[in-house]
Each structure stands twice: as structure tokens, then as C-alpha cells.
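Got a minute to poke around inside a protein model? Have a look at the fold first, and then we'll go through it by question and answer.

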Amino acid sequence: MNRSKDARAERSITADPGADFLQLDTSDAPRGGLTDWLAGRLREAVADGRLPAGGRLPATRVLAAELGVSRGVVTDAYRRLTEEGRLAGRGRGGTVVVADPAPPAPVTPAPVTPAPAPHSPAPHSPAPPDRVAPELFRGEPDAEVFDLLRGTPARIDLTPGRPDLTAFPRAAWLRAERAVLDGLAAHDLGYGDVRGTPELRLAVTRWLARNRGVRADPDEVLVVAGTAQALALLGRALGRTGVTEVAVEDPGSLGARQHLAHWLDATPPVPVDAEGVRVDMLRATGAPAVLLTPAHQYPTGVVLGGERRRELQRWAGEGGLVIEDDYDAEHRYDRPPLPALRAVLPEQVCYAGSVSKLLAPALRTGWLLVPPRLRAAVLEAKRFADLGNPVLPQLVLARLMESGGLERHLRLLRRRHRRRRDAMIAAVRTHLPGATLHGAAAGLHLMVTLPPGAHGSDTELAAAALAHGVKVHPLSWHTRLPYPPGLVLGYAAGAPGEIEEGIAVLGRLTRR
């Protein structure tokens with residue numbers, strides 16, 4: 001029996017209207033036809049390979065909760081595909097795909113033309129050993145500023161980019177590690193494939209297909225030591241192909257800009273507004289490539305709008321290259337998932353992601369997908385950088401991803417992060433009533449712009465806060481073009497009470 005009812009009755013009033021799984025968004029479903037719509041989307045995903053044979057689907061109650069629909073809608077959709085021979089129930093093993101998709105057309109890598117060696121700027125001179133904490137915020141931040149800030153003790157750390165390390169799934173990781181070691185042969189302990197283990201590259205393609213709408217072959221995936229190495233490899237490879245400029249968003253990540261600037265001649269700034277990067281201003285720079293955070297712009301939190309995406313597609317179609325840093329797109333709370341740019345522009349996008357915000361930065365594990373014309377140059381840069389990532393953590397991570405453990409962990413994090421985000425929003429409204437909040441729908445941080453005259457410059461406020469035991473990022477670290485003063489505040493790693501106390505300190509400082 002088709003249990004589809006009026007769409008309004010089937011959707012929860014508190015649930016998000018979409019799921020990471022296949023980027024399903026119930027607002028796309030016709031009125032009263034949720035089951036037909038869901039079955040059709042699943043059927044398409046099996047046919048085109050996003051759901052490969054052997055892949056496991058989410059439990060019906062889990063997917064129903066994420067979509068905000070009744071469990072019967074999901075159960076009926078699964079039943080239809082089971083009757084068609086596309087799915088099969090395996091008891092405690094869940095529902096799995098049993099139909100094979102049509103084989104994809106082979107991709108022939110384009111030859112890479114050798115070019116002169118990349119530019120290497122002069123190294124920074126080391127910071128003075130007697131540099132004290134408040135001096136971190138004086139002058140232009142240098143390459144050591146993040147190391148120094150991390151090493152400075154504080155009662156409350158509200159710096160952005162910090163996941164909740166206490167939530168690391170130790171028990172699940174240990175189970176996966178034991179399973180890997182039990183099945184490991186002696187020869188598996190030798191040097192691995194410089195591209196990464198086949199197991200992790202396959203797991204990454206399935207993860208990206210389910211959660212980010214990206215279809216890729218495992219041979220297209222390069223396992224890297226986080227997004228930082230991905231940017232370094234791209235900087236070196238682009239230099240070899242004659243590209244010496246990559247434009248960056250403004251505001252935009254200081255750390256990402258520093259990594260690119262180390263290898264390239266210039267990183268011209270491009271303004272960001274409420275719709276994302278200004279593509280007209282990108283054209284004006286003349287840069288052949290741009291680094292973007294389109295799913296959740298850092299640090300403003302805006303999502304690249306539909307018209308801007310179309311403008312960017314036109315720019316890329318004329319020969320432009322996009323470096324997509326998908327740094328925390330999985331952490332969304334109040335909006336449906338947006339597919340990655342790589343999903344629609346595979347030939348013009350270099351896609352970088354990692355588990356630093358999902359699990360822990362200490363794993364130093366991420367992935368990079370590049371267009372065929374750059375693969376040989378990027379692979380060469382990786383080979384001569386480190387001969388590949390450590391094999392054992394890759395195998396453990398692959399098992400965690402394929403078992404569904406990583407998605408279970410992500411669901412736990414979302415609930416925790418939502419509470420902490422809400423605590424920070426409430427604290428800002430109470431203690432910084434004149435401030436404007438940005439980027440609350442997703443991510444691990446909020447951007448706050450301050451009213452005129454709140455506390456002089458944002459670097460002075462950050463220095464005063466650090467003197468009172470609270471770490472924050474001044475917004476001006478992440479800008480080069482004129483922009484209002486503000487702060488970038490991380491909430492993922494702090495308990496609600498700690499967040500409230502830290503914001504209260506900032507409020508007292510702004511009122512002085």
C-alpha cells in the first residue's frame with residue numbers, strides 16, 4: 001500500500017528539509033507524491049552508480065528522520081526497489097544494492113606539458129622568542145601566527161576550525177583497527193600506493209557520491225595529508241603548468257591563502273557578498289584560477305547563490321580553474337545540502353576535502369580530485385613530497401566509512417554542534433546586542449561583525465580578550481579589502497556554559 005499522504009503531514013515541522021544521503025531535498029517532491037519521488041531518486045542513483053552494488057542504504061528510521069518524513073515513506077520506497085530487483089534486505093546487515101550500474105565511459109588523462117619549476121618565495125624569518133601573547137595581534141599576521149596562537153594557553157578557546165576532539169569515536173576506531181590488523185598480510189605493511197590505498201579511495205568515492213553529489217572513479221582520488229597538503233600540491237603543480245596566480249575570496253581563510261602564497265606569485269582578493277564570490281570581480285583580476293568555499297564560505301558562512309554558480313560555470317567554461325575547499329560542508333543544521341561544485345564541473349574543479357573537521361586534525365588525512373590535465377603533475381608533486389600517506393590509518397578510516405560508522409558519528413556531532421551553536425547565538429544576542437551574526441546555518445563557527453566604536457579595531461579586542469583568557473580570531477586577519485571589524489568564533493569544541501562565559505567576556509570588553 002502506498003502510504004504517501006499530503007506532503008505537509010509527512011514532514012516534521014522541526015526536521016531539516018533534506019539529507020546528505022544523495023542530497024535528497026523533500027522540497028523537490030510533488031505534493032502528495034513523496035514515495036514516488038524518493039523511489040525515483042533511489043532508482044536513478046542505482047542506475048548511474050552513485051549507489052554501487054554492495055553499497056548499504058541508511059536504515060529506514062534514520063533516513064526518515066533526516067528527511068522529516070514518516071518512516072512508511074522510506075519503507076515503501078525501499079520495498080518498490082526490492083521488488084524490482086535493485087535492492088535486497090539482509091536482516092541485521094541492512095538494505096543493500098544488488099543491481100550493477102551501466103559502466104562509465106573511460107577517462108583518458110590529457111598529457112601535461114612540462115613548465116619551469118615553481119616559484120619559491122624567500123622564507124619568513126622566525127618570530128622573536130620573547131614574543132608575548134598580545135603581540136600576536138599587532139601588525140600583519142605571519143606564517144607562524146596560528147602555531148603561536150595554538151601554543152598560547154587560555155581558559156576558553158573560541159578559535160574557529162576546532163572540532164570537538166572529546167567526541168572522537170575511540171571505540172569504533174579501535175574496532176575498525178582490530179579488524180584491519182586481523183586481516184592484514186605481511187606484504188600489506190610495505191610501501192603503499194602513492195595515490196592512497198585502493199580501499200580508502202573506493203570508500204571516499206562512495207562517501208562523496210552519497211553526501212556531496214560527486215561521482216568519481218577511485219583512480220581519480222589522491223589521498224593527501226589534509227587540505228593544507230592539497231593546496232601545496234596544487235600550488236606546485238600549477239606552477240609547473242605556468243599558472244602563477246590564484247585568486248582568493250575576501251573575506252577568506254588566512255591559512256589557505258598563506259599555503260597558496262608560499263608557492264605562487266600572487267593571490268589577488270575577490271570580494272564576497274551575500275550571494276558568495278563576486279564573479280565579475282574575479283574576471284577583473286585576470287587570474288586563471290580561484291580558491292573557493294562555495295558550500296559554506298569561510299568565514300562569512302554564505303552559500304554560493306544559484307545565479308553566481310551559473311556565472312562561475314561560464315567563467316570556468318572559458319578556461320578558468322576552480323579549487324573547491326569543501327572544508328566543513330557536512331556540518332549543516334538549518335538548510336538542505338547543496339551539491340559540491342565538482343558534481344557539476346568535474347573538468348574545471350579541483351576538489352579538496354578531509355576528515356579534520358569530522359574526526360580529528362591529528363589524522364592528517366584528506367582527498368584531492370583534479371581534472372585529467374593536472375593529475376600527472378599533482379601525482380608527481382605528491383610522490384616527491386612523501387611517497388604517500390601512512391597505510392594503516394587509511395585502511396582503518398576506509399573500514400569506518402564503509403561500515404556506516406562515520407555517518408553515525410556525523411549525526412552525533414550535528415546534534416551536539418546545534419546545541420552549542422544555539423548557545424553561542426543566545427550569548428551573542430545577550431552580551432553583544434549591537435553585533436550582527438553571520439553563517440549560522442552550517443559549519444563549526446560564526447562570524448560576528450561589530451557595531452562602530454565597539455572596541456577600536458578587532459585586533460585590539462582579540463588581544464584584550466586573550467589577556468582575559470579567551471581566544472578568538474579577529475576578522476581582519478581574514479580580509480585584505482575594506483570590511484567592517486569583527487570576530488570569527490568557533491563553537492564546536494566548547495561546552496555551552498564555556499561558550500556563554502567567553503562571549504560575556506567579549507561583551508564586557510566592548511562596553512569599556
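Here are some questions on the cores, a strand and the aromatic pairs of this predicted model.

Q: Which helix gives the most to the largest nonpolar core?
A: Start with the core itself: it has 46 residues, and Leu312, Trp367 and Met401 are those with the most contacts inside it. Seven of its residues come from one helix, spanning residues 391-402. That top contributor is helix α13.

Q: How many residues are in the other core that lies apart from the largest one?
A: Look away from the 46-residue core and you'll find another one that includes Ile425 and Ala465. Leu466 and Leu506 are also among its members. The size of this separate core is 37 residues.

Q: Which residues of strand β5 are buried on the side opposite Ala247 and Glu249?
A: Side chains in a regular strand alternate between the two faces of the sheet. Strand β5 covers residues 247-250, and Ala247 and Glu249 sit on one side, both buried. The other side is covered too, with its buried pair being Val248 and Asp250.

Q: Which residue of β6 stands opposite Asp250?
A: β5 pairs with two strands here. With β8 (residues 289-292) it runs parallel over two bridges, and Ala247 stands opposite Val290 there. With β6 (residues 269-273) the pairing is also parallel, over three bridges. In β6, the residue facing Asp250 is Pro271.

Q: What kind of aromatic pair do Phe168 and Trp173 form?
A: The model has four aromatic pairs. In this one the rings are 5.7 Å apart centre to centre, with 55° between the planes. An angle over 60 degrees would count as edge-to-face and one under 30 as stacked, so this pair, whose two residues are both buried, is classed as tilted.

Q: How many residues apart are Tyr298 and Tyr327?
A: These two rings meet edge-to-face, 5.8 Å centre to centre and with 85° between the planes. Tyr298 is in the loop between β8 and α11, while Tyr327 is in the loop between β9 and β10. So the pair links distant parts of the chain, and the separation is 29 residues.

Q: Is Tyr327 buried or exposed?
A: The cut-off for buried is under 20% relative accessible area. Its partner Tyr298 makes that at 11%. Tyr327 has 13% relative accessibility, so it counts as buried.

Q: Which residue forms one aromatic cluster with Phe137 and Phe146?
A: Besides the pairs above, there's a cluster to find. Two of its members are Phe137 and Phe146. The remaining member is Trp477.

Notes. Residues numbered from 1 in each chain as written. Predicted model: local features only at pLDDT ≥ 70, side-chain atom pairs only at ≥ 80, totals over all residues. Heavy atoms only, no water. Core = buried A, V, L, I, M, F, W, Y, C linked by side-chain atoms within 4.5 Å. Buried < 20%, exposed > 50% of the residue type's maximum accessible area, 1.4 Å probe, protein only. Helix = DSSP H or I, 4+ residues; strand = E, 2+ residues; numbered from the N terminus. Pairing = 2+ DSSP bridges. Phe/Tyr/Trp six-rings, centres within 6.5 Å; stacked < 30°, edge-to-face > 60°.
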